[in-house]
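Open your viewer and get your selection tool ready. We will go stop by stop, picking something and then looking at what is there.

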Amino acid sequence: MSEVNGIVVTAKPRVSARFRLQWEEAQQSWVLLYPEGMVKLNASAGEIMKRCDGSHSVDELVAELEQAFDTRGLHADVARFLDMARAQHWIEV
Amino acid sequence: MNAPAQVPAPTIGPPLWLLAEITYRCPLHCAFCYNPTDFAATTDELDTEDWLRVLREARAAGSVQCAFSGGEPLARDDLEVLVAEARRLGFYTNLLTSGVGLTEARAAALKAAGLDHIQLSFQDSTRELNDFLSHTRTFDLKQRVAATIKANGWPMVMNCVIHRLNIDYIENIIDMAVELGAEYLELANSQYYSWALLNRDQLLPSREQIERAERITNERRQRYGDRIRIFFVVPDYYETRPKKCMNGWGSVFLTVTPDGTALPCHTAKMLPGLSFPNVRDMGVREIWYDSEGFNRFRGDDWMQEPCRSCPEKEMDRGGCRCQAFMLAGDAAAADPVCDKSSAHHVVLEAVERAQRPVRPVAKEAPLIFRGPADSRRLIEEGRKSLAAD
């Protein structure tokens with residue numbers, strides 16, 4: 001089974017129970033909320049995180065992003081981000 | 001030549017943080033309480049409808065974190081209604097509580113209302129000291145409440161205000177937090193405002209006490225690893241640069257006090273010559289962007305030397321306006337914690353006094369515990385000293 005930076009491509013990441021992901025109109029961005037704190041996500045991080053819903057595999061997530069933004073070759077970037085997100089406990093894989 | 005570049009006015013971001021101080025009523029009598037010493041003058045609390053409106057207006061203005069605090073917020077029986085509305089609006093809802101009044105039934109109702117998180121405050125980990133410092137018998141109750149919080153699946157932040165009288169028990173406090181299943185532990189040294197300022201000499205730890213506490217905290221971090229995240233906050237009196245108070249005046253924090261006064265921080269009401277709006281009279285958006293009180297210390301036009309020309313002014317924004325007022329007598333002065341401040345000696349003198357040997361509590365000057373009787377006495381003394389001027 002192929003792996004990039006430690007996360008299996010068939011794994012279905014979901015936002016960790018420790019955080020709540022939501023769109024903030026006032027900030028025009030996705031944010032992660034946690035006890036008395038907030039992480040403001042940049043646009044690409046938001047696009048990835050909102051697809052971490054436990055139903056998209058990493059491969060599906062990448063395919064959807066490549067289609068949505070009409071581009072290719074996002075796999076390595078997405079994998080790098082997910083690896084960081086897991087280290088930060090933002091997602092569970 | 002090109003026209004000189006226009007420096008754009010810094011944009012004011014939304015009030016991301018709403019601190020809803022829904023009541024000053026509290027069953028505890030902590031000697032380090034940050035509520036104003038004249039809290040007993042507040043008799044007309046906002047009602048439920050007022051608070052629901054404040055929540056809606058603040059959310060519309062971009063607030064996203066909402067902390068229900070006090071006093072003891074559980075002293076209000078409409079807390080569940082407010083939490084439910086805040087959660088429905090999309091706030092991340094935090095309850096800052098001493099745990100008194102958090103029965104299983106109320107915990108279940110708060111869970112159903114969608115409460116996201118509870119921060120439980122402990123005064124200390126040893127029963128006698130805990131009861132002494134909070135002036136009530138609450139220690140056993142807090143252990144029960146911690147279990148209730150865990151049973152409801154809330155993340156738990158324990159908060160323990162640290163000071164001269166409990167800092168030498170820091171290992172017990174940390175071990176107890178781990179035992180109770182806290183994910184985060186805030187060991188925040190008392191900050192010297194309000195009641196804590198009255199009791200400063202009794203509460204400010206010595207340098208040796210702080211160094212020991214930091215060493216032990218680091219050892220415990222090693223020991224417990226990922227089980228718990230421990231934050232240790234040194235008293236700013238031991239620093240040489242001030243804290244960036246509230247991340248800058250009117251930058252992210254909006255406090256609404258029990259009577260509806262809107263403040264840029266929970267102690268700002270002490271500052272003379274400033275008028276702060278009330279949510280009964282003005283909408284949150286107007287309060288945040290347009291009111292005199294919230295604009296007073298934005299930008300740097302208000303700064304004096306040594307702040308005005310200081311290369312670090314954006315790092316700390318001159319420190320805390322309340323501390324500048326309390327210790328230097330001028331809310332627009334540099335925070336005297338800064339060693340560039342002409343009033344820095346006031347801080348140094350307090351620190352110097354704190355180096356005396358640590359003695360049993362009974363041998364120190366008596367603490368003034370937060371309570372309505374002392375609050376009324378302090379209001380009366382304040383009136384008399386004004387009349388005498």
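The tour visits each chain, the contact between them, and two helix pairs.

**Before you click**

This is a predicted model, in which local features need pLDDT of at least 70, side-chain atom pairs count only at pLDDT 80 or more, and totals for chains, interfaces and linings use all residues. Residues are numbered from 1 along each chain as its sequence is written, while chains are lettered from A and ligands numbered from 1 in the order in which they are written.

**Stop 1: chain A**

Select chain A and colour it by secondary structure: you should find 3 helices and 7 strands. Helices (H or I, at least four residues) and strands (E, at least two) are DSSP runs, numbered from the N terminus. Following the sequence, the order is β-β-β-β-β-β-α-α-α-β. The radius of gyration, taken over C-alpha atoms, is 13 Å. The globule rule (2.2 Å times the number of residues to the power 0.38) gives 12 Å for 93 residues, so chain A is as compact as a globular protein of that length. Its C-alpha trace spans about 40 × 25 × 20 Å along the principal axes.

Of the 93 residues in chain A, 23% are buried. Here a residue is buried if 20 or more other C-beta atoms, placed from the backbone, lie within 10 Å of its own, exposed if 12 or fewer, and partly exposed in between.

Now pick Arg80(A), in helix H3 (residues 75–87) of chain A. Is Arg80(A) buried or partly exposed? Arg80(A) has 13 C-beta neighbours inside 10 Å, so it counts as partly exposed. Add Ile7(A) to the selection: 73 residues separate the two along the chain, and their C-alpha atoms are 9.3 Å apart.

**Stop 2: where the chains meet**

Show both chains and select the contacts (C-beta atoms, placed from the backbone, within 7 Å). You will have 11 residues of chain A and 13 residues of chain B. On the chain A side, strand S4 (20–24) and strand S5 (29–34) each supply at least two residues, and the largest share, 3 residues, comes from S4(A). By class, that side has 5 nonpolar, 2 polar and 4 charged residues. Ala, Val, Leu, Ile, Met, Phe, Trp, Tyr, Cys and Pro count as nonpolar, Asp, Glu, Lys and Arg as charged, and the others, Gly among them, as polar.

**Stop 3: chain B**

Hide chain A and select chain B, with its 15 helices and 9 strands. The C-alpha atoms fill a box of roughly 70 × 50 × 50 Å along the principal axes. Buried residues make up 46% of the 389 residues in chain B.

**Stop 4: H6(B) and H9(B)**

Select residues 170–179 (helix H6) and 207–224 (helix H9) of chain B: their axes come within 9 Å and cross at roughly 25°. That makes H6(B) roughly parallel (an angle under 35 degrees) to H9(B). Show side chains for the contact, where Ile170(B), Glu171(B), Ile174(B) and Val178(B) in H6(B) meet Ala213(B), Ile216(B), Thr217(B), Arg220(B) and Tyr224(B) in H9(B). These divide into 6 nonpolar, 1 polar and 2 charged.

**Stop 5: H2(B) and H3(B)**

Finish with residues 79–89 (helix H2) and 104–113 (helix H3) of chain B, which pack at about 20° with axes 8 Å apart. Pick Glu80(B), Val83(B), Ala84(B) and Arg87(B) in H2(B); they meet Ala109(B), Leu110(B) and Ala113(B) in H3(B). This contact has 5 nonpolar, no polar and 2 charged residues.

Terms used. Contact = placed C-beta atoms within 7 Å. Axes fitted to C-alpha atoms, helices over the stretch in contact; angles between N-to-C directions. Parallel < 35°, antiparallel > 145°, perpendicular 65-115°, else oblique.
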